[in-house]
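Biologist: Could you take me through this one? I'd like to go over what lies by the DNA.

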Number of protein chains: 2
Amino acid sequence: MTASGPSLQEFKAEFFKALAHPVRIRILEILARGPRSVQELQAALGLDQSTVSQQLAVLRLKQVVTANKEGTSVRYAVRDPLVGDLLDVARRIFNNQLAGTQTMLRQLQRESRAARR
Amino acid sequence: MTASGPSLQEFKAEFFKALAHPVRIRILEILARGPRSVQELQAALGLDQSTVSQQLAVLRLKQVVTANKEGTSVRYAVRDPLVGDLLDVARRIFNNQLAGTQTMLRQLQRESRAARR
DNA sequence: TGCACAGATTCAAAAAATCAAATATAAGAG
DNA sequence: CTCTTATATTTGATTTTTTGAATCTGTGCA
């Protein structure tokens, strides 16, 4: 049996592409704490309507979030709560990584100070 | 205090960009099970040397994997074991999502069958 | 009807990523 | 040294994304 059409890996890649943008990550980090209207997102992000709506469109298309018309406004939410977990794990990875570079930086500074004397 | 230079969100986005490619995901799924030489990866992936090396380069640049010269060959490994956890969470999300679409598909079929009679 | 407001979509230019093919380098064998 | 094996880098054409600005659409309300 051979793989067909858009492979599972392509599907996965599409999902990660949805996260691969600074604004979209910020949006998801906010939505991970609960649903928000577009206005609320705009305010929280300090970005203009068009930009926010555009990035929400990407997240919607990639099925990462859901949109719900509520009267005059639209309320967005993360489709799967596991996305929150994913961001948590990612955060831990970033911590390790940044801790590593800081340590290296400090070490580098120490080295050059030592070499100079 | 204002944010400086490449923001944390940009850094995060760069990380997810590293995962946002079918071949790179496949590589990471293999490396999550343990270190591998480039040859082993090539064989497992069925891709040519140049392609594999290219994608390994982006994983290296984005600090997702480490490379270690071992005699004549180079052994790659995931830098942080949490990457494995990340892929696991992602897998669970994909499961839910695909299960969802299958369910919807089945439901759609049931609906049209019902409507026809 | 005719504003406003909330949000979505469209467009073109610029920037970044992909891909395949060719070329380069480094280390060990003989 | 020279050949080979393992891996890396470069290049240029192509495709995707990003970005900002402008333009729609829908809805409640005066």
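Modeller: Sure, starting with line-up by class at strand C: the residues of that nearby surface divide into 6 nonpolar, 13 polar and 1 charged. Nonpolar here means Ala, Val, Leu, Ile, Met, Phe, Trp, Tyr, Cys and Pro, charged means Asp, Glu, Lys and Arg, and the others, Gly among them, are polar. This is a predicted model, where local features need pLDDT of at least 70, side-chain atom pairs count only at pLDDT 80 or more, and totals for chains, interfaces and linings use all residues. Residues are numbered from 1 along each chain as its sequence is written, with chains lettered from A and ligands numbered from 1 in the order written.

Biologist: Which element gives the most to the surface near DNA strand C?

Modeller: Near means a C-beta atom, placed from the backbone, within 6 Å. Elements are DSSP runs, helices (H or I) of at least four residues and strands (E) of at least two, numbered from the N terminus. Two or more residues come from each of α3, α4 and β3 of chain A and from α4 of chain B. The top contributor, with 6 residues, is α4(A).

Biologist: And which element gives the most to the surface near DNA strand D?

Modeller: Of the 21 residues around strand D, S50(A), V38(B), Q39(B), Q49(B) and S73(B) come nearest. Elements giving two or more residues are α4 of chain A plus α3, α4 and β3 of chain B. With 6 residues, the one giving the most is α4(B).

Biologist: How many of the residues near DNA strand D are charged?

Modeller: That surface has 6 nonpolar and 14 polar residues. The charged count is 1.
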